[in-house]
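Here is a small set of exercises for getting to know a new structure. Take them one at a time, and look at the picture before reading each solution.

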Amino acid sequence: MKDFPPVLHPYHSAPHQVSWQSPSNIALVKYWGKYDPQLPANPSVSLTLDQCRTITKVRCEPRPTDAHGTFSFEFLLGGTPKPDFHPKIEGFFQRILAYLPFLTQVHLRIESENTFPHSSGIASSASAMSALALCLLHIARGDEAVSDPSFFQQASYLARLGSGSACRSIWGPVVVWGVTPSIPEASQEFGWSSDRIHPVFADYQDTILLIDQGQKSVSSTVGHQLMVGHPFAEARFKQAHKHLEQMMEVLAQGDLDRFVDLVEREALTLHALMMASNPSFVLMKPATLAVIEKIRAYRKATQHPVCFTLDAGANVHVLYPKSISKTVLQWIQDELVVYCEKESYICDSVGRGSSPING
Ligand code: PMV
C-alpha cells in the first residue's frame, strides 16, 4: 500500500471513545489458502451482508502503571468479560503494532456485541475484526480522518491482518480481495469495492440456515494451511482467477443463470478441497446435503434462480433476488427449516458496509 503506514496522529492521553458497526460477508468466489502476512493465495469476491453485524466500542484510557505485558486491554462480549478471546486479540495487536504504535501505550476497554447468536456457527471474525480495526484506526487518526477515503482502505488493510475475509466487510455491496489480471485496482492487501454491479444484487437476499451451531471440527486457519502442498492447489488457484473474472461479468450484467451455476460450483469446490486435504476433513452435515438437493429440485421445478453457498462450515446460505422473496421464504419455512438445528435461520440481505456509531 503506497501511502501506508499513514502519518498517525500522536496519541494524547485524554480518554477517547469510538464505536463502529461492521457486517459479515459471504464469499461468492472463495478465498482458501494463504501466505504470510495474511495474503490470499487466490482472489475472492463477496457480498456484504446487512443484518449480521458486530458493534464494537473501544475506550482508550491511560495505561495503568502496574500493567504487565505488551498490551493492556479488557474484552467484553455482550457485556460479559471474555478472557478466552485475549490470545486472538493480542495476536492481532502484534500484527498491527507497526502501524498503530499507540497500542502499547494505552489501556483499551473493548466492548463488542453481535446481532447474531455467537454460537450460531456463523463466522463472526470478519465482522468482529473489521469493527475493531475501524475503532483502533479512528482512535489513532482522529475524527477528521473518518471522512478521508484512505481511512477505509487502511482499515481494510488492518482488518485483513486480523482475519483475511474481514478486509471485505468495510464496504458493500460487492468487494474483491486479491490481485488478478482482470481487475487492475484490486490488491492483495485490502479490499476493493466494485461499482459495476447490476441493481438486482443491491438487495439480494441471503437466508442463512443454521444447520449446525456447534464448534467446527477444523478451523479456517488449519484449512488454509492444508492448501500448502495440496495436490489440487495449483489448479484451484488458476480456476479462482477464471471464476472471479466470470463472476464480475455476471455481477455487472445481472445474469442470474450464470450466477447460480458459478456460486454453487464455488461452494462445492471449497468443500471438495477440504475433503481432498491431507488430513481430509468434512464440514458438511447430512442436513447440508439434504438442503442442497432440495434447493436444486426446487429450482428445477419452479425455474426460480435460488441457489446455495457455503462457508467453511455446515450452514447453508440460500441466495435469491428480492423480487421473489415472499414465495421463496414461504418455501424455506415449509420445506427447509426442518433441517436447521432448533429450526433456526437468519434472514439477511446485501448491505452497504461498515459505519461509525455516534454518541
Ligand atoms: O477469513 P478466514 O481466515 O476466516 O477465511 C475465510 C474462508 C472462507 O470463508 C471459507 C472463504 C471466504 O473467502 O470468506
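**Exercise 1. Find the loop that holds Gln38, and look up its phi angle.**

Step 1. Gln38 belongs to the loop between strand E2 (34–35) and strand E3 (39–40); helices (H or I, at least four residues) and strands (E, at least two) are DSSP runs, numbered from the N terminus.

Step 2. Although Gln38 is not a glycine, its phi is positive, at about 55°.

Before going on, two notes on the model. Residues are numbered from 1 along each chain as its sequence is written, and side-chain values use heavy atoms, with hydrogens and water left out. The model is predicted: local features need pLDDT of at least 70, side-chain atom pairs count only at pLDDT 80 or more, and totals for chains, interfaces and linings use all residues.

**Exercise 2. Locate the cis peptide bonds at Pro173 and Pro279.**

Step 1. Start with Pro173, in the loop between helix H3 (149–162) and strand E8. The bond that leads from Gly172 to Pro173 is cis, with omega near -10°.

Step 2. Move on to Pro279, in the loop between helix H6 (256–275) and helix H7 (286–302). Asn278 and Pro279 are joined by a cis peptide bond as well, and omega there is about 0°.

**Exercise 3. Work out which strands pair with E4.**

Step 1. Recall the rule: two strands pair if DSSP finds at least two bridges between them.

Step 2. E1 runs antiparallel to E4, and twelve bridges join them. In this pairing Gln21 stands opposite Ile55 of E4.

Step 3. E4 also pairs with E8 in the antiparallel sense, over four bridges. Here Ser46 faces Val175 of E8.

Step 4. Strand E7 (residues 106–114) is antiparallel to E4 too, with nine bridges between them. Thr54 has Asn114 of E7 as its bridge partner.

**Exercise 4. Describe how domain 1 and domain 2 meet.**

Step 1. Set the bounds: domain 1 covers 16–198 and domain 2 covers 199–349, as given by an automatic or database domain assignment. Their centres, taken over C-alpha atoms, are 24 Å apart.

Step 2. Count the contacts (heavy atoms within 4.5 Å): 37 residues of domain 1 are in contact with 45 residues of domain 2.

Step 3. Look at the buried area, which is the accessible area (1.4 Å probe) that two parts lose on being put together, summed over both. The two domains bury about 3500 Å² between them, 69% of it on carbon and sulfur atoms. Lys30, Trp32 and His198 supply 28% of the area that domain 1 buries against domain 2, more than any other three residues.

Step 4. Check for salt bridges (a side-chain nitrogen of Lys or Arg within 4 Å of a carboxyl oxygen of Asp or Glu). The rule finds zero across this interface.

Step 5. See which elements take part. Strand E1 (16–29), strand E4 (44–62) and strand E8 (174–177) each give two or more residues to the side of domain 1 that touches domain 2. E4 gives the most, with seven residues.

**Exercise 5. Find what Gly254 touches.**

Step 1. Gly254 sits in the loop between helix H5 (233–253) and H6.

Step 2. Leaving out residues up to four places away in sequence, Gly254 touches His198, Val200 and Phe201.

Step 3. Now compare Arg59: it is 195 residues from Gly254 along the chain, and their C-alpha atoms are separated by 43 Å.
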